[in-house]
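Good morning, and thank you for joining this session. I should like to speak about the enclosed spaces in a structure and about one strand within it.

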Amino acid sequence: MGIILKPIDIVDDITQEEFIEKYLKPRKPVVIKNMARKWPAYQKWTMEYMKEVVGDVEVPLYDSSKADPAAPINSPTTKMKFADYIDLIQREPTDLRIFFFDPIKHAKNLLQDYISPKELMGGFLDKYPSMFFGGKGSVTFLHYDIDLAHIFHTHFNGRKHVLLFEYKWKERLYKLPYATYALEDYDIENPDFSKFPALDGVEGIECFLEHGDTLFMPTGWWHWMKYLDGSFSISLRAWDKSWAVKANSLWNLTVQRKFDDIMKSRFKKDYMDWKEKKAVQRAEMALKNGLPK
C-alpha cells in the first residue's frame, strides 16, 4: 500500500468566502498561485537582492543530521555570514539551511515588499516574519509548528517539494513524546516499511512549490520539505480563532518545551532513547487498532 499521497488543491486566486468555506474552516491545505504576484517581492526578491539588503549578518545554519540528545531543539550546527551562505547555495548542493531567521529585522525595507493576506483572514502574528533558506537537496524534518498557527508559506527563486499530513496521523508518523516532530530514523520520501510498518497506509498531500507560489498550511498540519533548488521562503503566521488551539499553543511553547529541554539536559541519551522507544510503541499500537478512524 505504502504512503498514500493526493495532489494538493491549486487555485490561481480565491475570494475570502471561498477560502473560509473550502480551506480555513475545514483546515485543508491549498496552493494559491497569484497571491504573491501582487507583491513587490515577486520581482525584487532575487538572491543578489537579499545579499545586498541583509549584508554580512552572521546567521545560524542547520544540517540534516540527527538532533543531539543533550541540545535544546533548534540548536544550530554552525554559523556563517549571510552573503557567504547565499553564495554557497547558488554554487552547489548543500544540506545546510537557515531556519526561522528574521532578515527583515536587519533590513526593514523588506517590510514594504510583501502584503499579509488580510483579505482572506485576520489574526496575523509576526511583525518580522520568519524566512527559510536552503541549498539544493536540503531537507526540513517532519514536524508540525509548535505555536499551532495557520501558515501562508510563499516560495522564491526555485522549487520545493512538500509533503503534508493531518494532525490525526501523529502516532502513525512516530511522533516523539513532549515534542512536535517525528522520529528521525526514517526517510518519509522512501520509508522502509519493514522497519516502520505504521507508515504503511498513512494518507497525506503532496505539492511542489515554484517561484511565487503560496502554500496555506492550516494549524497542526505535519509538513516535510525538500529544497529542489537553492531557494528561500517566507512564512506569514495567523492565529486560529479557537481558544483551545491557543491554549494548546501556549502549553507547547512554555510547559512542554521547558520540560523537554530540562529532561534532555539532565538525562541526555537515556531520555532520547525512551522517547524513541515510546514513539515506536505508540505507532505500533495505533496501527494495531486501525487508527486514526
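In this predicted model, the count comes to 3 cavities of 30 Å³ or more. The largest cavity has a volume of about 130 Å³.

Which elements give two or more residues to the lining of this largest cavity? They are β6 (97–101), β8 (139–143), β9 (150–156), β13 (222–227) and β14 (231–238). The largest share, 3 residues, comes from β13. In total, 15 residues line the largest cavity, and those nearest its centre are Phe132, His143, His153, His223 and Met225. By class, this lining holds 7 nonpolar, 5 polar and 3 charged residues.

The second largest cavity contains about 70 Å³ of space. Its lining is made up of 11 residues, with Ile146, Tyr178, Ala179, Arg257 and Asp260 nearest the centre. Here the classes are 5 nonpolar, 3 polar and 3 charged.

I now turn to strand β7. Why is β7 described as largely enclosed by the rest of the structure? The reason is burial: of the 5 residues in β7, residues 130–134, 5 are buried, so the strand is largely enclosed. In a regular strand, side chains alternate between the two faces of the sheet. In β7 both faces are covered, with Ser130, Phe132 and Gly134 buried on one side and Met131 and Phe133 buried on the other.

Finally, the strand pairings. β7 runs antiparallel to β6, to which 3 bridges join it; there, Ile98 has Phe133 of β7 as its bridge partner. β7 is also antiparallel to β14, with 5 bridges between them, and the bridge partner of Met131 in β14 is Ile234.

Notes: Residues numbered from 1 in each chain as written. Predicted model: local features only at pLDDT ≥ 70, side-chain atom pairs only at ≥ 80, totals over all residues. Heavy atoms only, no water. 1 Å grid on protein atoms, 1.4 Å probe; cavity = no way out; pocket = protein on both sides within 12 Å on 5 of 7 lines; lining within 4 Å. Points joined across faces, edges and corners; volume = space filled by probe spheres on them. Helix = DSSP H or I, 4+ residues; strand = E, 2+ residues; numbered from the N terminus. Nonpolar A, V, L, I, M, F, W, Y, C, P; charged D, E, K, R; others polar. Buried < 20%, exposed > 50% of the residue type's maximum accessible area, 1.4 Å probe, protein only. Pairing = 2+ DSSP bridges.
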